[in-house]
Number of protein chains: 2
Amino acid sequence: MTLSQYPAQVEEAVSKGQTVVLLAKCEIWYSGRAESYLPLGDRIILVKEDSAVIIHQPNGNNPINYMKPGTKVSMNFDDGKLFMNCRNLINKEFLDLRIDSIYSFSTRKLTDGQDIQIEGTEKDMAEMMYNKPELVEKGFRPLSREEHTKYGFIDLFGLDREGKLVVVECKRYRADLPAVSQLRRYVEKIEESKGITHVRGILAAPKITENALKMLQDWGFEFVSINPPRYLEKYDRDQKSLAHFG
Amino acid sequence: MTLSQYPAQVEEAVSKGQTVVLLAKCEIWYSGRAESYLPLGDRIILVKEDSAVIIHQPNGNNPINYMKPGTKVSMNFDDGKLFMNCRNLINKEFLDLRIDSIYSFSTRKLTDGQDIQIEGTEKDMAEMMYNKPELVEKGFRPLSREEHTKYGFIDLFGLDREGKLVVVECKRYRADLPAVSQLRRYVEKIEESKGITHVRGILAAPKITENALKMLQDWGFEFVSINPPRYLEKYDRDQKSLAHFG
DNA sequence: TACTACATCTCGCAT
DNA sequence: ATGCGAGGTGTAGTA
């Protein structure tokens, strides 16, 4: 297929809600929330059925350029050159490719309506502590979890054995400085709104950075080491076999 | 090509550092930092030359499953079933696919060594203010920008017309509560390390949320409205033509 | 729509 | 390796 034949093929596929994958040599301009230019090189270009556009270089995890779903995608052959123009006028975003060569063109209507099931999130952690309050400390009585209050989004909230209010902030990995700041915001807002001064703050995470621990202690808060639930339960480290799941 | 023939084809391509794209119906298990299961459906499977694995559903911006570069990818046909097993033993991460059907298989050695050039970042904002200090306020004298300190990364640091220390934190979009907390951390650390108490804090952003402004003012800090540089300069909103760039 | 915080965040940079 | 913060972050949940 010559370059001039692609616009009709690609636009028809996109209009039918098919997914399109191109392996191509191209250069790329973006303008919108920022501006960027990527010189000529080989990339993977993916146009999804919702008109999301995702472009990858041959290395790395993240796309190098992309456009959100709902983008208007057109392809144009002009003056011997092939362009792919992506427009999102609502967001004022623009992505333009000049395509030098196309190595591979695949298109297909894909059917998928499945939702992923995930365990081990911060929410799961808060739920685990809600159900096993002794993980926080002896005598802890949870009042609420994952609560959107006007004070903010508090992971876990309760009373200690002496009846003092306790705010618990969970982190699924290492707690850092922003995590301490976050806890501090919640505690201060609750103290302010209730007109009290002895609200306790607990940061629950597998570990905590040195600076974060220092700041936490400077502010009179506490750290409790807790792991997210079901972490690596399904696989054995040295076991290659597929686990049973779902 | 029958399912049983894919393992040899795919593994050879991967071993040669080729990029592989599959359109396939599959179900997916992940275990590592969390655990997940995605029931059977059509997806785009991308294996890059650095053995990053990226899997997309037909809709949405983000991959639904993925593995980092350096993952060991193998494909196995067992008991009439085709599996793709991805292992990252260092990170203790595992991704397994059972592939029901393959609609499309593309592979190609891709060549790209280009770096993207981006303008309009937070760093560009700090640089603009460093070069035009009057954007912050009359008489502001910048001392440093983008400075990595032990307590964090201070965007812009200087003296006001009266010789008072000023910490400036930039945000490219709307400044929010974490941005105020961040500024507060920097100001407190500088006051602590210098043994002084009158360090000014300025949050520079196009706009700020209501709660963030209140918290900012409660703490005696200031807001200055500044836009990131060169934002949307290259395109005209109603102009469809490609801008010249680079 | 605006705001808030999570994410298998990823990434770069400095220590 | 760890720590820290940006990101064209994206995404979900809520008011």
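A salt bridge, as I use the term here, is a side-chain nitrogen of Lys or Arg within 4 Å of a carboxyl oxygen of Asp or Glu. I kept that beside me while looking through this predicted model.

**Entry 1: a pair in chain B**

I began with B:E222 and B:R200, whose side chains meet in a salt bridge at 2.7 Å, N to O. I then looked up where the two sit: B:E222 is in strand β15 (residues 222–225) and B:R200 in strand β13 (residues 200–205) of chain B, so their pairing ties together parts that are 22 residues apart in sequence. Are the two partners buried or exposed, or in between? B:E222 is partly exposed, with a relative accessible area of 29%, whereas B:R200 counts as buried at 14%.

**Entry 2: more salt bridges**

My next search covered the whole structure and gave 33 salt bridges over all chains. One of them joins A:E122 to A:K171, with the closest N and O atoms 3.7 Å apart. Why does this pair tie together separate parts of chain A? A:E122 lies in helix α2 (residues 122–131) and A:K171 in the loop between β11 (165–170) and β12 (174–175), so the pair bridges parts 49 residues apart in sequence. I noted that A:E122 is partly exposed at 21% relative accessibility, while A:K171 is buried at 18%; the cut-off for buried is under 20%.

Back in chain B, I found B:R98 and B:D100 in a salt bridge too, at 3.2 Å from N to O. Here B:R98 is buried, with 15% relative accessibility, and B:D100 is partly exposed, with 31%. In chain A, I also came across a network of salt bridges that links A:E137, A:D160, A:R200 and A:E222. A reminder to myself: side chains of opposite charge can pair when their charged atoms come close.

**Entry 3: DNA strand C**

How many residues surround DNA strand C? I got 25, and the closest are A:K171, A:R172, B:R33, B:R174 and B:N211. Of the strand's atoms that come within 4 Å of the protein, sugar and phosphate account for 85%. The residues of this surface divide into seven nonpolar, eight polar and ten charged.

A:K171 turns up again here, since an N or O atom in its side chain is 2.8 Å from a phosphate oxygen of DNA strand C. A:N61 uses a polar backbone atom instead, 3.0 Å from a phosphate oxygen of the strand. For A:Q182, a polar side-chain atom lies 3.2 Å from a phosphate oxygen of DNA strand C.

**Entry 4: helix α3 of chain A**

Which element gives the most to the surface near DNA strand C? That is α3 of chain A, with three residues. From chain B, β4 (65–67) and α4 (210–218) each supply at least two residues.

I checked the length of α3(A) as well: residues 177–194 make 18 residues, and the helix reaches 26 Å from first C-alpha to last, close to the 26 Å expected. Its buried residues include A:L177, A:Q182, A:Y186 and A:I190. After the helix comes A:G195, with a positive phi near 65°.

**Entry 5: cysteines and a loop**

I looked for disulfides and found zero over all chains. For B:C26, the nearest cysteine sulfur is that of B:C86, 11 Å away. B:C26 is buried at 0% relative accessibility, and B:C170 is buried at 0% as well.

Last, I looked up B:K92, in the loop between β6 (81–88) and β7 (93–108) of chain B. It is partly exposed at 28% relative accessibility. From B:K92 to B:S181 I noted 89 residues in sequence and 34 Å in space, C-alpha to C-alpha.

Definitions and conventions
Residues numbered from 1 in each chain as written. Chains lettered and ligands numbered in written order. Predicted model: local features only at pLDDT ≥ 70, side-chain atom pairs only at ≥ 80, totals over all residues. Heavy atoms only, no water. Disulfide = S-S within 2.5 Å. Buried < 20%, exposed > 50% of the residue type's maximum accessible area, 1.4 Å probe, protein only. Helix = DSSP H or I, 4+ residues; strand = E, 2+ residues; numbered from the N terminus. Expected span 1.5 Å × (residues − 1). Near = heavy atom within 4 Å. Polar contact = N/O pair within 3.5 Å; in protein donor to acceptor, adjacent residues only side chain to side chain. Nonpolar A, V, L, I, M, F, W, Y, C, P; charged D, E, K, R; others polar.
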